[in-house]
Amino acid sequence: DRTLDNVFAIQTEIAESVAEALEVSLGLTGEETLVTPTADMEAYDLYLAAQSRLRVRGQGVADAIRLFGAVVERDPSFAPAWAGLALAHSVAPYYRRVPLDLAGWRAAWEPSLIEAEAAANTALELDPQLVIAEVALGNVFKERLDWARAEDHYMRALAIDPDNGEAHHQYAEALSNSARFAEALRSARRAAALDPTAAVRLNALAYISGHNGRRDEQIELLEQALLLNPDFQQPLSGLLWTLEFEGRLDEAEALARRRLRSGDEGLPILPGSESSDDPAAMIDAYYAALRAGDADALEACCGEHLYYPSWLSAGDLDRALDSVVDLKNRTRGFGSSWIHGIWDPRFDPVRDDPRFQEVLRDLGLEGVVPQRAPPGS
């Protein structure tokens, strides 16, 4: 029984009616509304589409950057769109093929972080209470390995809105990178509870659960994430490596073969398989080497493409540690996407190794030891 002359006022009116019926307060005073309006309804449609694409992740992140960019071009005063653009830029390199050399890594990360920081600051100039802008800044400083400044921004975001799923999710990832796994588990569980149908939330909760020793829970969550989004690369890789960790090589190989038969060439099944002339033979050789515990055969099969999870699965701690040092050197200075894996429990016997300690120093994590949640907590 309303017209769409002012959809934002209608949204607030409906919400207030629901709140009145439920006998709760929305905390609004005076002329406040629940949304930051734009007079351009086409811009608002684009904004909603961008939010939806960003939530899906994967290719959706690039789509969201394009859509949020179109919104701020139409209405530069629409602060939430600037915040969304900042968040999208801050996570974009996770969803690209990034060369693992220093020049390629910097070329992928540095422009994204500069764009994210600029967009977040613009958003906060327009509206100092924008949670997502603070989250984006937290991500920027996390990727620059400035852990304290990152945490400041995440905490500001959660102070503004303690029930923001994105804020809990991104804070959980930062906590995980710095080995604060018990705290990370609480935030990741909160994020998943607030947004239970988002594969990206389940994926984050899965690997944090695994770092807390809950491997069965990790596998279940990764399988759920893949059901929600079959094209999501992170839970696929995570599930393969977790099955390997558990010694369930038959299941891991079967999953790899199913994905290969699906013909989705955009998703590498194993590191390097997307560029292999014969990915099926590569899968054969890879799992045969793991079953035999033969690190030399693994090296012969696909060594230049492998990094520490595969060496850990092969039981070669020395090569796994060398791989961590190599990754640190290739990504020198920023980009945290690989760091959470150095806290894999299989690295526990070599945490005092000078190579491991050097990695921690260069990452700004000197003296840090994993803080895991007690079993059953």
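**View 1. Val18 in helix H1 of the predicted model.** Val18 counts as partly exposed because its relative accessibility is 44%. The residue lies in helix H1, which covers residues 7–22. Together with Ile14, Leu22 and Val24, Val18 forms a nonpolar patch on the surface, and the accessible area of the four adds up to about 380 Å².

**View 2. Helix H1 and its cover.** The 16 residues of H1 reach 23 Å from the first C-alpha to the last, close to the 22 Å expected at 1.5 Å a residue. Val7, Phe8, Ile10, Thr12 and Ala19 are the buried residues of this helix. Helix H2 (41–56) is included in what covers them. After H1 comes Glu23, which has a positive phi near 60 degrees.

**View 3. A salt bridge in helix H13.** Side chains of opposite charge can pair when their charged atoms come close. Here Glu253 and Arg257 meet in a salt bridge, with 2.9 Å from N to O. The two are separated by about one helical turn, because they stand four residues apart in H13 (residues 249–261). Glu253 counts as buried at 13% relative accessibility, whereas Arg257 counts as partly exposed at 23%. Elsewhere, salt bridges that share partners join Arg55, Arg57, Glu166, Asp195 and Arg201 into one network.

**View 4. Salt bridges of Glu251 and Glu143.** The closest N and O atoms of Glu251 and Arg248 are 2.7 Å apart. Glu251 is partly exposed, with a relative accessible area of 38%, and Arg248 is partly exposed at 27%. Glu143 forms a salt bridge with Lys142 (3.4 Å, N to O), and both residues are buried. The whole structure holds 33 salt bridges.

Notes: Residues numbered from 1 in each chain as written. Predicted model: local features only at pLDDT ≥ 70, side-chain atom pairs only at ≥ 80, totals over all residues. Heavy atoms only, no water. Patch = residues over 30% accessible without salt bridge, like charges linked within 9 Å, V, L, I, M, F, W, Y side chains within 5 Å. Areas by Shrake-Rupley, 256 points an atom, 1.4 Å probe, with all protein chains shown as cover. Salt bridge = Lys/Arg side-chain N within 4 Å of Asp/Glu carboxyl O. Buried < 20%, exposed > 50% of the residue type's maximum accessible area, 1.4 Å probe, protein only. Expected span 1.5 Å × (residues − 1). Contact = heavy atoms within 4.5 Å.
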